[in-house]
Amino acid sequence: MDWFPLWNSLRIAAISSVLVFFTGIAAAYYAFRLPRMVKGVLDVVLTLPLVLPPTVVGYFLLLLFGTRRPLGIALESIGVKFVMTWYGGVIAAAVVAFPLLYRTARGAFEAFDETLAQAGQTLGLSNTYIFWRIRMPACRQGIFAGIVLAFARALGEYGATSMLIGYTPGRTATISTTVYQLWRTGDDRHALYWVLINLAISAAVLLTVNLLEHRQRKGVHRT
């Protein structure tokens, strides 16, 4: 049995989760500090990939990175190509998973007790120190839950991924695209194997999120 789809899916999900972590945290932190109307407009823009059909997201990515598009041509001239490559799958998965971390992190930041940050400022602590040593630890459970959900979403991504990188065994195949190809060719037995693997990973992710929520509720009751 060829295990490349599992390895490739985990690779794409892990790298895209790192990208989503930094971009999602930055967007959430600055968004919740904006005026209400501006924040509302920004929320719509940043959350669109969550409600759009994944194939539509993939179509927009093709319009952006296609080999006949200005950006795609410019990137290809320096040896970077996102169409039909596994790292194109990283971009597709990151775009689709981004709203999950963004919304979760923004909610965690909004629930943060700002008096803690103000107390740090009165002690002469820098904003960078306050962010990483006070704000982030206080919001860690919500942010970690967002990372887990983003990873799971990236791992199971199909629509945008199939539009941008397609299916090439040993090069761009993921669990989701492999399931579809095996079903399409009538190999139901191997397709079921991959479905069960995906179910096992998804169940582990959901269990992790539930444990985090349980710990958070216990922490709230103790306080």
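1. Start at the end of helix 10. The residue to look at is Gly-186, which follows this helix and has a positive phi, near 85°. Keep in mind that this is a predicted model.

2. Helix 10 itself covers residues 175-184 and is mostly covered. Of its 10 residues, seven are buried. The buried set begins with Ile-175, Ser-176, Thr-177, Thr-178 and Val-179. Gln-181 and Leu-182 complete the set.

3. Now the overall make-up. The protein has 11 helices and zero strands. Its pattern along the sequence is therefore written with helix symbols alone, α-α-α-α-α-α-α-α-α-α-α. The C-alpha atoms fill a box of roughly 65 × 45 × 30 Å along the principal axes.

4. Next, burial and surface. The protein has 223 residues, and 41% of them are buried. The accessible surface is about 12600 Å². Carbon and sulfur atoms hold 66% of that surface.

5. Contacts across the sequence deserve a remark. Take the contacts in the protein with a separation of 6 or more. Of these, 72% join residues that lie 24 or more positions apart.

6. Helix 8 (residues 140-155) is a good place to study packing, with helix 1 (residues 4-31) as one partner. The angle between helix 1 and helix 8 is about 140°, and their axes are 8 Å apart. That angle makes helix 1 oblique to helix 8. The crossing of helix 1 past helix 8 is right-handed.

7. Which residues form the contact of helix 1 with helix 8? From helix 1 come Ser-9, Leu-10, Ala-13, Ala-14, Ser-16, Ser-17, Val-20, Phe-21 and Ile-25. Helix 8 brings Ile-143, Ile-147, Ala-150, Phe-151, Ala-154 and Leu-155. By type, this contact has 12 nonpolar residues, three polar and no charged.

8. Leu-10 gives a closer view of helix 1, where it lies. Leaving aside residues up to four places away in sequence, Leu-10 touches Phe-151 and Leu-155. Is Leu-10 buried, exposed or partly exposed? Its relative accessible area is 32%, so Leu-10 counts as partly exposed. Gly-40 is 30 residues from Leu-10 along the chain, and their C-alpha atoms are separated by 34 Å.

9. Helix 5 (residues 86-111) also packs with helix 8. Here the angle is about 165°, with the axes 8 Å apart. Helix 5 is therefore roughly antiparallel to helix 8, as the cut-off for that label is over 145 degrees. Helix 5 passes helix 8 in a right-handed crossing.

10. The contact of helix 5 with helix 8 can be listed too. Helix 5 supplies Ala-93, Val-96, Ala-97, Leu-100, Leu-101, Thr-104, Ala-105 and Phe-109. Helix 8 supplies Gly-142, Ile-143, Gly-146, Ile-147, Leu-149, Ala-150, Arg-153 and Ala-154. The division is 12 nonpolar, three polar and one charged.

11. Last, Arg-36. This residue lies in helix 2 (residues 36-51). Why does Arg-36 count as exposed? Its relative accessibility is 77%, and exposed means over 50%. Arg-36 and Gly-146 are 110 residues apart in sequence. In space, 23 Å separates Arg-36 from Gly-146, C-alpha to C-alpha.

Technical notes:
Residues are numbered from 1 along each chain as its sequence is written. This is a predicted model: local features need pLDDT of at least 70, side-chain atom pairs count only at pLDDT 80 or more; totals for chains, interfaces and linings use all residues. Side-chain values use heavy atoms; hydrogens and water are left out. Buried means under 20% relative accessible area, exposed over 50%, partly exposed in between (1.4 Å probe, protein chains only). Helices (H or I, at least four residues) and strands (E, at least two) are DSSP runs, numbered from the N terminus. Axes are lines fitted to C-alpha atoms, for helices over the stretch in contact, and angles run from 0 to 180 degrees between N-to-C directions. Angles under 35 degrees count as roughly parallel, over 145 as roughly antiparallel, 65 to 115 as roughly perpendicular and the rest as oblique. A crossing is left-handed if the near helix is turned anticlockwise from the far one by less than a right angle, and right-handed if clockwise. Contact means heavy atoms within 4.5 Å. Ala, Val, Leu, Ile, Met, Phe, Trp, Tyr, Cys and Pro count as nonpolar, Asp, Glu, Lys and Arg as charged, and the others, Gly among them, as polar. Accessible areas come from the Shrake-Rupley method with a 1.4 Å probe; for residues, only the protein chains shown count as cover.
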